[in-house]
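Reader: I'd like to go through this one by asking how each label was earned. Can you show me the structure before we start?

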Protein chains: 4
Amino acid sequence: MSVNSFGHLFRFTTWGESHGPALGAVVDGCPPGLAITEDAIQPYLDARRPGQSKFTTQRQEPDQVRILSGVFEGRTTGTPISLMIENVDQRSKDYSEVAQAYRPGHADYAYDAKYGFRDYRGGGRSSARETAARVAAGGVARLVIPEVSILAYVVEIGGDTIDRASFDPAEIYRNPFFCPDASAAERWAEQVYAVRKAGSSIGAVVECVATGVPAGWGAPLYGKLDADLAAAMMGINAVKGVEIGDGFAVARLTGEQNADPMRPGAQGPMFEANHAGGIAGGISTGQPVVVRVAFKPTSSILTPQATITRPGENGQSEATELFTKGRHDPCVGIRGAPVVSAMMALVLADHKLLHRGQCGT
Amino acid sequence: MSVNSFGHLFRFTTWGESHGPALGAVVDGCPPGLAITEDAIQPYLDARRPGQSKFTTQRQEPDQVRILSGVFEGRTTGTPISLMIENVDQRSKDYSEVAQAYRPGHADYAYDAKYGFRDYRGGGRSSARETAARVAAGGVARLVIPEVSILAYVVEIGGDTIDRASFDPAEIYRNPFFCPDASAAERWAEQVYAVRKAGSSIGAVVECVATGVPAGWGAPLYGKLDADLAAAMMGINAVKGVEIGDGFAVARLTGEQNADPMRPGAQGPMFEANHAGGIAGGISTGQPVVVRVAFKPTSSILTPQATITRPGENGQSEATELFTKGRHDPCVGIRGAPVVSAMMALVLADHKLLHRGQCGT
Amino acid sequence: MSVNSFGHLFRFTTWGESHGPALGAVVDGCPPGLAITEDAIQPYLDARRPGQSKFTTQRQEPDQVRILSGVFEGRTTGTPISLMIENVDQRSKDYSEVAQAYRPGHADYAYDAKYGFRDYRGGGRSSARETAARVAAGGVARLVIPEVSILAYVVEIGGDTIDRASFDPAEIYRNPFFCPDASAAERWAEQVYAVRKAGSSIGAVVECVATGVPAGWGAPLYGKLDADLAAAMMGINAVKGVEIGDGFAVARLTGEQNADPMRPGAQGPMFEANHAGGIAGGISTGQPVVVRVAFKPTSSILTPQATITRPGENGQSEATELFTKGRHDPCVGIRGAPVVSAMMALVLADHKLLHRGQCGT
Amino acid sequence: MSVNSFGHLFRFTTWGESHGPALGAVVDGCPPGLAITEDAIQPYLDARRPGQSKFTTQRQEPDQVRILSGVFEGRTTGTPISLMIENVDQRSKDYSEVAQAYRPGHADYAYDAKYGFRDYRGGGRSSARETAARVAAGGVARLVIPEVSILAYVVEIGGDTIDRASFDPAEIYRNPFFCPDASAAERWAEQVYAVRKAGSSIGAVVECVATGVPAGWGAPLYGKLDADLAAAMMGINAVKGVEIGDGFAVARLTGEQNADPMRPGAQGPMFEANHAGGIAGGISTGQPVVVRVAFKPTSSILTPQATITRPGENGQSEATELFTKGRHDPCVGIRGAPVVSAMMALVLADHKLLHRGQCGT
């Protein structure tokens with residue numbers, strides 16, 4: 001019952017902090033015989049890598065992944081795959097301020113309340129840097145589900161949403177926002193740049209669609225595909241909401257409006273709509289699996305905020321103000337897209353194996 | 001790795017189907033020495049019980065819970081608590097139609113795709129009737145967390161939301177909608193009655209607030225309090241979205257707007273806002289824990305919908321139409337409120353014990 | 001992480017006490033579509049059932065198993081199978097002595113030390129009566145592994161071992177000792193009868209052999225087939241030792257003596273010996289899986305033994321003496337054989353599914 | 001449900017192979033605030049380290065452990081502790097023989113049968129080299145249980161047992177056999193030397209005693225302290241038997257002989273004997289916890305043995321002979337002692353936390 005692990009049969013454990021020597025993931029349960037190299041995983045890390053545009057943090061990390069175990073002669077052996085990423089650019093800045101007071105909106109206070117002690121350098125374990133380990137693990141997961149295509153993209157920044165009519169998958173990798181709508185990307189460039197210049201930050205919504213998932217993955221009632229996706233996504237730093245298919249919009253629909261009627265098709269049922277987001281009763285229906293994830297604005301902003309100091313010897317906190325210097329993403333949701341995509345891959349790989357174990361197919 | 005179990009240290013397993021002889025839950029990990037009787041659990045089941053108003057299903061189930069183990073002389077012994085609820089009103093209706101075709105929007109097709117076989121009577125295991133077992137288990141969980149108060153209520157039905165200015169907790173139990181706003185409850189009565197008369201259904205949003213949760217519960221990074229809540233809520237039948245604190249609204253906020261500044265207080269920090277919904281970095285902050293859950297409109301409606309038959313001997317499905325007779329909730333979100341409340345209790349009880357195990361407090 | 005559950009993918013949870021209204025098991029992960037009836041499970045319970053000969057406890061329990069969920073039209077549905085066995089013969093004897101003092105050799109003191117409270121009626125949850133639930137679950141497990149035959153038998157009682165030259169599998173069910181050697185059974189009848197008459201008890205060793213297990217089941221390194229068998233067997237009441245293949249005898253062998261040389265065979269390798277007991281590196285080799293399990297003499301004897309009372313209000317225990325009246329097995333190992341057999345089935349069923357999930361075969 | 005992880009709340013995951021670049025363990029669930037350095041862990045690795053006497057393998061590995069995460073300013077933070085040990089002396093020998101045929105008694109055939117593919121260099125993941133990771137994790141576990149003292153020593157090699165009357169704990173670290181009896185150590189030196197010279201190997205029994213374990217650790221019925229110990233020990237390479245307390249000897253005892261009578265003592269009960277090995281009903285009694293573990297003779301011997309080749313293109317294996325060159329322990333049980341000790345620490349640390357979570361003490 002590791003609280004740093006995720007998954008049923010395809011299971012990964014991550015370790016590492018923002019400013020430690022390295023971070024990594026141990027992937028357990030990867031089937032044997034899959035062709036794998038570091039080069040197959042690296043592109044996913046590159047997509048998440050910081051310092052690539054003026055719209056993300058300027059921390060420079062090569063994020064080179066090394067495979068330390070579980071692979072022999074270019075193939076997985078079925079034993080644990082240890083992935084390690086060294087931290088390089090841990091700037092030797094002064095963290096004394098953060099050590100003495102809690103950054104509002106961050107996990108600083110909660111960690112201290114829980115553990116009575118914390119690694120305050122760059123957020124320690126609570127830093128979004130840990131998501132590099134998830135993305136590396138996700139790279140392995142993709143090898144397990146070659147039948148599935150996953151697309152993750154930003155659909156909203158600061159209230160400005162994409163135009164679905166202009167949706168172009170190819171556009172996603174042409175702009176620094178993983179935005180499938182070229183004109184929205186242009187608007188966002190201005191908006192995010194302004195936010196950044198103001199020392200502020202802004203929220204975003206990421207959508208992720210997996211096509212090619214066959215009907216039957218998922219496990220009622222406490223290993224539901226959608227419940228596992230919800231846990232996977234809500235566990236990403238800065239995420240405050242998760243929805244499947246029509247999500248919160250269903251609350252405004254009637255049963256007729258929300259229906260996904262079926263007709264017979266050559267390859268199984270044809271659905272006339274996908275309000276359900278490809279999941280019914282916790283089990284995939286064969287339609288695209290659709291998830292949307294809300295990222296809050298980065299809590300690290302330049303505006304000073306009221307906060308309190310760590311309790312001193314007298315057990316009392318003092319009022320103080322903090323603003324976050326450091327190097328931060330003005331819109332953490334942008335780099336969240338590759339993480340959402342990785343978590344989707346990890347959940348689906350897990351459920352593919354689980355279904356095979358449960359039902360033999 | 002039971003897919004019918006939930007929880008880390010306080011863990012429950014449910015069993016049973018809509019039309020079997022009984023259903024139940026086995027609660028494992030309940031601390032010893034707690035005073036417990038069936039009467040302490042029954043009120044939660046009564047709140048969820050069907051057939052209590054014209055706005056819910058007319059199936060009549062007494063939902064009397066029996067404790068079969070784990071209790072001696074009125075106190076928990078630390079061993080598994082077996083809870084059983086007998087099914088009484090399994091109407092001997094003709095399910096032959098449902099046996100031969102898949103009800104759209106239901107789990108029928110997905111279960112059949114997964115298992116190649118299904119209990120088609122009333123949805124079998126996928127029926128919302130299983131939530132009675134969760135509610136019973138939740139009744140035990142509440143004994144573990146006497147310091148916590150949980151309130152769950154409906155905030156929106158079919159796009160009509162409550163007026164926060166009229167919020168009255170006492171009102172929640174005065175109307176059949178668990179609605180904290182008396183005038184909204186009146187409007188909903190008309191709306192739901194009309195929907196029901198039309199043989200249709202409607203969606204809803206349930207909000208749940210837990211006060212009294214101390215700072216420090218939750219476990220980074222894959223046992224986060226919010227991630228576990230997301231899984232717990234998304235695993236409830238008909239749920240399509242979960243959000244914590246401001247949820248999806250954060251995507252439209254800037255860092256300044258989303259901040260929860262702190263000031264020193266006599267009993268720990270005073271927060272000036274609670275956009276975070278009481279959780280930061282996956283750990284409780286001592287503020288109220290706030291979750292919102294979207295329920296889709298019940299898929300069972302009287303309007304005939306296009307669907308397909310089970311594949312025959314030639315492996316082919318035929319096109320057909322189905323409408324759902326049976327007895328169904330026109331707005332499944334209403335009776336969802338006690339279930340959301342139970343899941344909140346179950347997650348919090350679990351994290352209280354987990355935190356004690358991890359950190360000794 | 002239920003401590004009342006066992007298994008990876010085929011997982012069961014038991015509940016119930018010696019003197020509660022009922023006990024049971026919830027079996028999760030049973031594949032769908034298997035033909036199953038209560039009649040298929042009952043014979044295993046009958047073999048374990050008390051009160052069948054003068055060599056076992058005289059408690060009379062019909063041990064009728066009921067299936068409450070997970071089965072539809074005579075086949076498993078893939079959802080949890082709830083099995084319940086009602087307790088009938090809970091003699092209303094006076095337990096006041098046991099309530100006030102700890103029976104030596106029993107779990108009484110340990111339970112009280114752990115929980116600060118215990119169900120003292122007949123040992124409560126620590127009673128061997130709980131093994132009825134395991135045997136019922138084992139009956140389901142056998143359906144999952146039709147390719148495997150399991151034989152469990154007693155090979156030693158009180159130092160008197162069977163003669164391997166007289167081994168006759170058919171004999172096992174002809175005597176009340178599950179003894180494969182007719183003449184040993186005769187000797188044991190005298191020995192156990194004498195022990196019983198003396199109000200004493202005696203230890204035993206059970207051996208269990210599973211044939212038909214294909215090579216490849218098991219999972220390095222912490223889900224090893226032998227490690228899981230060791231946990232399964234050591235978890236049975238009164239067990240103090242477990243060995244695989246040659247077991248402790250290997251400590252006296254050289255590498256040459258312990259070798260299991262292989263030759264090519266028509267159906268895979270032919271092994272010239274089976275010192276390894278069918279498991280290498282935690283994975284089955286295709287040879288018979290051989291386990292031996294040591295049961296201590298029942299702690300309940302008529303000879304008074306020194307013990308202590310529960311601490312009184314002053315926190316002090318007093319010295320006292322106890323002997324156990326009740327109805328007890330003079331040799332608990334005898335009825336252990338069906339339990340060992342059930343645990344073997346449960347572990348193998350689990351590893352069959354796990355292997356399928358991991359490796360797709 | 002990682003099969004490369006062990007533990008409930010204090011849980012570790014190992015990774016790595018004999019001839020990969022490194023191996024390691026991720027320890028999850030270590031409480032925060034414990035003082036820890038690499039120097040505190042290294043001595044345990046040094047005790048297990050190969051190449052230290054002529055009675056163990058001549059592979060030279062410094063086995064320097066590095067802490068990569070989870071520690072800040074010399075204290076544990078409550079987050080995962082990543083431990084890494086680099087492999088240095090992976091001799092570039094020719095493994096072509098082993099690649100083409102299965103070494104009898106090794107896991108070669110079983111791994112290939114399971115995975116259809118294996119890392120044949122030095123046994124890959126099935127190599128006892130993996131136990132270095134367990135020993136490192138065990139070093140962390142010891143920090144969690146300062147109240148417990150653990151002693152592991154060899155009590156038998158090749159049928160020659162120690163004289164309990166000559167038991168001297170201090171002697172254990174004075175000879176290369178972890179032998180508490182000086183004269184037995186002398187005899188073993190001759191015996192093991194002869195075995196080694198003959199290119200053979202020999203079995204051994206390791207005993208491990210933990211004192212200071214309070215009453216109450218352990219969890220009925222499927223997280224029993226003895227069941228977890230059995231799994232932990234049986235999962236060590238080359239182990240074929242595990243017993244608690246009197247173990248298999250109980251089968252020859254009567255109830256009177258096996259009794260552990262209690263008398264009141266100043267610090268809780270005084271036991272007059274410890275046949276139970278400190279565990280009753282799966283829960284510690286406060287007495288020393290006693291485990292014995294049987295190690296088979298190393299399968300790698302110089303005598304050629306009949307074996308088979310990997311199936312060729314025609315799916316057929318050929319008969320062949322193999323003897324193992326390489327560098328091997330003539331008595332793998334000797335270096336097993338530090339591993340047994342580590343597993344004891346890991347199980348006890350886990351159950352201490354689990355008990356605290358369950359019962360709050």
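Author: What follows is a chat about where the labels come from, and keep in mind that this is a predicted model.

Reader: Let's start with Ser127(A). Why is Ser127(A) called buried?

Author: The cut-off for buried is under 20% relative accessible area. Ser127(A) has 13% relative accessibility, so it counts as buried. It sits in the loop between helix H3 (108–115) and helix H4 (131–144) of chain A.

Reader: What makes Ser127(A) a contact partner of other residues, leaving aside its neighbours within four places in sequence?

Author: Contact means heavy atoms within 4.5 Å. Ser18(A), Gly122(A) and Asn237(A) are in contact with Ser127(A) once those sequence neighbours are left aside. There is a polar pair as well: a polar atom of the Ser127(A) side chain lies 2.9 Å from the backbone nitrogen of Arg129(A). The cut-off for a polar contact is 3.5 Å.

Reader: How do you know that Ser127(A) belongs to a "binding site"?

Author: That comes from the record: an unreviewed UniProt entry places the feature there, with Ser126(A), Asn237(A) and Ala238(A) also among the positions. Annotations of this sort may be inferred rather than shown by experiment.

Reader: And where is Ala238(A)?

Author: Ala238(A) is in the loop between helix H6 (225–234) and strand S11 (239–244) of chain A. Not counting residues up to four places away in sequence, it touches Ala294(A), Phe295(A), Lys296(A) and Val332(A). Lys296(A) is itself on the UniProt list.

Reader: Over to the sheet. Why are S1 and S4 of chain A said to stand at the edges?

Author: The open sheet has 5 strands in the order S1-S2-S3-S7-S4, with antiparallel pairing. Strand S1 (5–6) and strand S4 (65–67) each have a single partner strand, so one side of each is left without a neighbour in the sheet. Helix H1 (residues 38–48) packs on the sheet and touches S4 and strand S7 (81–86), its direction making about 150° with that of S4(A).

Reader: What makes S2 and S3 of chain A a pair?

Author: Two strands pair if there are at least two bridges between them. Strand S2 (residues 11–16) and strand S3 (residues 22–28) are joined by 6 bridges and run antiparallel, so they pass that test. Within this pair, Thr13(A) stands opposite Val26(A).

Reader: How do you know that chains C and D are related by a two-fold axis?

Author: Chain C superposes on chain D with a rotation of 180° and 0.0 Å of shift along the axis, at an RMSD of 0.0 Å. That is the relation of a two-fold axis. The same surface serves both copies, as 100% of the contact residues of chain C recur in chain D.

Reader: Why does Ser126(D) count as buried or exposed?

Author: Its relative accessibility is 18%, so Ser126(D) counts as buried. The side chain of Ser126(D) reaches the backbone oxygen of Gly123(D) at 2.8 Å. Ser126(D) also touches Ala107(D), Tyr111(D) and Asn237(D), with residues up to four places away in sequence not counted.

Reader: Last one: what makes Lys224(B) buried?

Author: Its relative accessible area is 5%, so Lys224(B) is buried. It lies in the loop between strand S10 (204–211) and helix H6 (225–234) of chain B. Its contacts include Gly235(A), Ile236(A) and Asn237(A), as well as Gly281(B) and His351(B). The Lys224(B) side chain reaches the backbone oxygen of Gly235(A) at 2.8 Å.

Definitions and conventions. Residues are numbered from 1 along each chain as its sequence is written. Chains are lettered from A and ligands numbered from 1 in the order in which they are written. This is a predicted model: local features need pLDDT of at least 70, side-chain atom pairs count only at pLDDT 80 or more; totals for chains, interfaces and linings use all residues. Side-chain values use heavy atoms; hydrogens and water are left out. Helices (H or I, at least four residues) and strands (E, at least two) are DSSP runs, numbered from the N terminus. Buried means under 20% relative accessible area, exposed over 50%, partly exposed in between (1.4 Å probe, protein chains only). A polar contact is a pair of N or O atoms within 3.5 Å; within protein, one must be able to donate a hydrogen and the other to accept it, and residues adjacent in sequence count only if both atoms are side-chain atoms. Axes are lines fitted to C-alpha atoms, for helices over the stretch in contact, and angles run from 0 to 180 degrees between N-to-C directions. Copies are superposed by least squares on the C-alpha atoms of residues with pLDDT of at least 70 in both.
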